[in-house]
Amino acid sequence: MNLQIQELATGPTPTASLIVLHGLGADGSDFVPFCRELDFSGVPGLDADGGLRFVLPSAPVMPVSLNGGYEMPAWYDILPVPHSDTSGRNGPRREDEATLRRAQGWIDGLVQREIDRGIPSDRIVLMGFSQGCAMTLMAGLRSPHRLAGLIALSGYLPLLDTTEAERHPANQHTPIFMAHGDHDGVVVPTRGAAARDHLRSLGYTVDWHTYPIEHSLCMEEVEDIAAWLVGRWHTGP
């Protein structure tokens, strides 16, 4: 794994980790403002007496076929939709399986890195937006380490047809927070809903949220995520 990683911490001795995966063309620094908006003051185990570590990796720069081979930060390649596919820009994408599998290895390495630094796997949450959402679901459901939760924002489930066969029982009961903008024109809401429905059909607990936004986050969403995270990590009475 050779990723650039930015980190923030809310205390000197973190007891939990949030690994945040950005979207296509972005980098880890895009989520620094989001991390600073989360308020865990007074939450046992997450406040200044312990702390939460934010891990913000940046995907490597690579050619993206959908964008004419233009190089940009990307977790995986997206192939052009065939001309015969009348669904157009917002129809099913053709994700490149080889680069998806490679990125899965990177995400597995990020989780192992936190475990090696003393964070139990059930105190680690994976979160991702758009392409990062796809990687969160793909890697999280296949991880052999029991995670605290998965946060999947404005994205979809890649390699959907292989999920049932490849999922790991360690995360069968891992809670999943999913959210999507009602007006998202980049990853249309039906793709997020299809992922939600498929995951529920496989027995996963999915907490589904929608917001009146496009392909972005809003403050209400941040507040909902913060409240959900407290439920995953609260160590007090």
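**Strand S9 and the surroundings of Tyr-204**

In this predicted model, strand S9 is covered on both of its faces: Gly-149, Ile-151 and Leu-153 are buried on one side, and Leu-150 and Ala-152 are buried on the other. The strand spans residues 149–153, and 5 of its 5 residues are buried. In a regular strand, side chains alternate between the two faces of the sheet.

Strand S9 pairs with strand S8 (residues 124–129) in a parallel arrangement joined by 5 bridges. Within this pairing, Gly-128 has Ala-152 of S9 as its bridge partner. The connection from S8 to S9 passes through helix H3 (residues 131–142), and the resulting β-α-β crossover is right-handed.

Strand S9 is also joined to strand S10 (residues 176–181), again in parallel, by 4 bridges. Here the bridge partner of Leu-150 is Ile-176 in S10. A right-handed β-α-β unit is formed by S9, helix H4 (residues 160–166) and S10.

Ile-176 also takes part in the surroundings of Tyr-204, a residue located in the loop between helix H5 (189–201) and strand S11 (206–211). The two residues are separated by 28 positions in sequence, whereas their C-alpha atoms lie 7.6 Å apart in space. When neighbours within four places in sequence are set aside, Tyr-204 is in contact with Leu-141, Arg-167, Asn-171, Gln-172, Ile-176 and Leu-199. The relative accessible area of Tyr-204 is 4%, and the residue is therefore classed as buried, the cut-off for this class being under 20%.

Note on methods: Residues numbered from 1 in each chain as written. Predicted model: local features only at pLDDT ≥ 70, side-chain atom pairs only at ≥ 80, totals over all residues. Heavy atoms only, no water. Helix = DSSP H or I, 4+ residues; strand = E, 2+ residues; numbered from the N terminus. Buried < 20%, exposed > 50% of the residue type's maximum accessible area, 1.4 Å probe, protein only. Contact = heavy atoms within 4.5 Å. Pairing = 2+ DSSP bridges. Right-handed = clockwise from strand over helix to strand, strands pointing away.
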